[in-house]
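Please open the model in a viewer and keep the sequence panel at hand. The tour proceeds by selection, from the whole chain to individual side chains.

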Amino acid sequence: MNTTLEKLDLDGCLNADSFDGAAWQEMLSQNTALKELVPKKCEIADGPIGIQGISDGLAQNKSLRVLDVSSNGFGPSAIQSLSVALSHNTTLESLNLACNDIYNDGAMAINAMLEANTFLRRINLSHSWIEAEEGLALTAGLTQNNRLESLDLSHNSIQTESFRAICLS
């Protein structure tokens, strides 16, 4: 196993789900050097191939600091899988979920993750179909999390009520 590779950028490597879930899980659970993983725009599959393997590996990973899974078309179930895995992760500091289809169920999962995970410092949720209801769903997690420094909600349809709740959380 490589002990020096700190960043793996797979940006635009279409069909990265051909690396089956076991390969993702093995890489993330065994590699102790990797600090940054960028499989964005890779069409990683929702389900046991791809996202579930990444989630399972993240639950065991103790070295990754940055994860960018933006623009993969993840729906709420994939976001839930990632959120559960990251709830107790103590090393990840930056998570980019931009340009995924988060919606309300995904926002609720992120909220629960934020309540449990006090190590994340930056989350990018831009362009993620977050509207009024989803914005409100994030507020409880933001209230509990005193470590988060940056939350990108740009290019979403956040309404006044959600905006107020987020600002006051």
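The stops below give a selection and then describe what is found there.

**Whole chain, coloured by confidence.** Begin with the entire protein, bearing in mind that this is a predicted model. Its mean pLDDT is 86, and 92% of the residues reach 70 or more. Which elements mark the lowest and the highest confidence? Select helix H7 (residues 160-168) for the lowest, with a mean of 72, and strand S4 (residues 94-96) for the highest, at 98. Where pLDDT is low, the predicted coordinates should not be read in detail.

**Whole chain, as a cartoon.** Switch to a cartoon representation, in which seven helices and six strands make up the secondary structure. Followed along the sequence, these elements give the pattern β-α-β-α-β-α-β-α-β-α-α-β-α. The radius of gyration is 15 Å, close to the 15 Å from the globule rule for 169 residues, so the protein is as compact as a globular protein of that length. Along the principal axes, the C-alpha trace spans about 50 × 30 × 20 Å. Of the 169 residues, 46% count as buried. Among contacts with a separation of 6 or more, 87% join residues 24 or more positions apart.

**The largest nonpolar core.** Next, select Leu58, Leu67, Leu82, Leu97, Ile110 and Leu125. Within the largest nonpolar core, which has 38 residues, these six touch the most other members. Now add helix H1 (21-30), helix H2 (51-60), helix H3 (76-86) and helix H4 (103-116), each of which supplies at least two residues of this core. H3 provides the largest share, five residues. In soluble globular proteins, nonpolar side chains tend to be buried together.

**Isoleucine 110.** Centre the view on isoleucine 110 and display its surroundings. Which residues does isoleucine 110 contact once its neighbours within four places in sequence are left aside? The contacts are Ile79, Ser83, Leu97, Ile102, Leu125 and Leu138.

**Tyrosine 103 and tryptophan 129.** Move to tyrosine 103, which lies in helix H4. Not counting residues up to four places away in sequence, tyrosine 103 touches Pro76, Ser128, Trp129 and Glu134. Measured against the sequence, tyrosine 103 and glutamate 134 are 31 residues apart, while their C-alpha atoms are 6.3 Å apart in space. Add the side chain of tryptophan 129 to show the one aromatic pair that the structure holds. The ring centres of tyrosine 103 and tryptophan 129 are 6.1 Å apart and the planes are at 25°, under the 30 degrees cut-off, so the pair is stacked. Tryptophan 129 lies in the loop between strand S5 (122-124) and helix H5 (132-137) and tyrosine 103 in helix H4, so the pair ties together parts 26 residues apart in sequence. Tyrosine 103 is partly exposed, at 36% relative accessibility, and tryptophan 129 is also partly exposed, with a relative accessible area of 49%.

**Cysteine 13 and cysteine 42.** Finally, select these two cysteines and display their sulfur atoms. The structure holds zero disulfides. For cysteine 13, the nearest cysteine sulfur is that of cysteine 42, 5.2 Å away. Why does this pair not count as a disulfide? A disulfide requires sulfur atoms within 2.5 Å, so a separation of 5.2 Å does not qualify. Is each side chain buried or exposed? Cysteine 13 is partly exposed, with a relative accessible area of 34%, whereas cysteine 42 is buried, at 0%.

How values were computed:
Residues numbered from 1 in each chain as written. Predicted model: local features only at pLDDT ≥ 70, side-chain atom pairs only at ≥ 80, totals over all residues. Heavy atoms only, no water. Core = buried A, V, L, I, M, F, W, Y, C linked by side-chain atoms within 4.5 Å. Buried < 20%, exposed > 50% of the residue type's maximum accessible area, 1.4 Å probe, protein only. Helix = DSSP H or I, 4+ residues; strand = E, 2+ residues; numbered from the N terminus. Contact = heavy atoms within 4.5 Å. Phe/Tyr/Trp six-rings, centres within 6.5 Å; stacked < 30°, edge-to-face > 60°. pLDDT = per-residue confidence, 0-100. Rg over C-alpha atoms; globule rule 2.2 N^0.38 Å.
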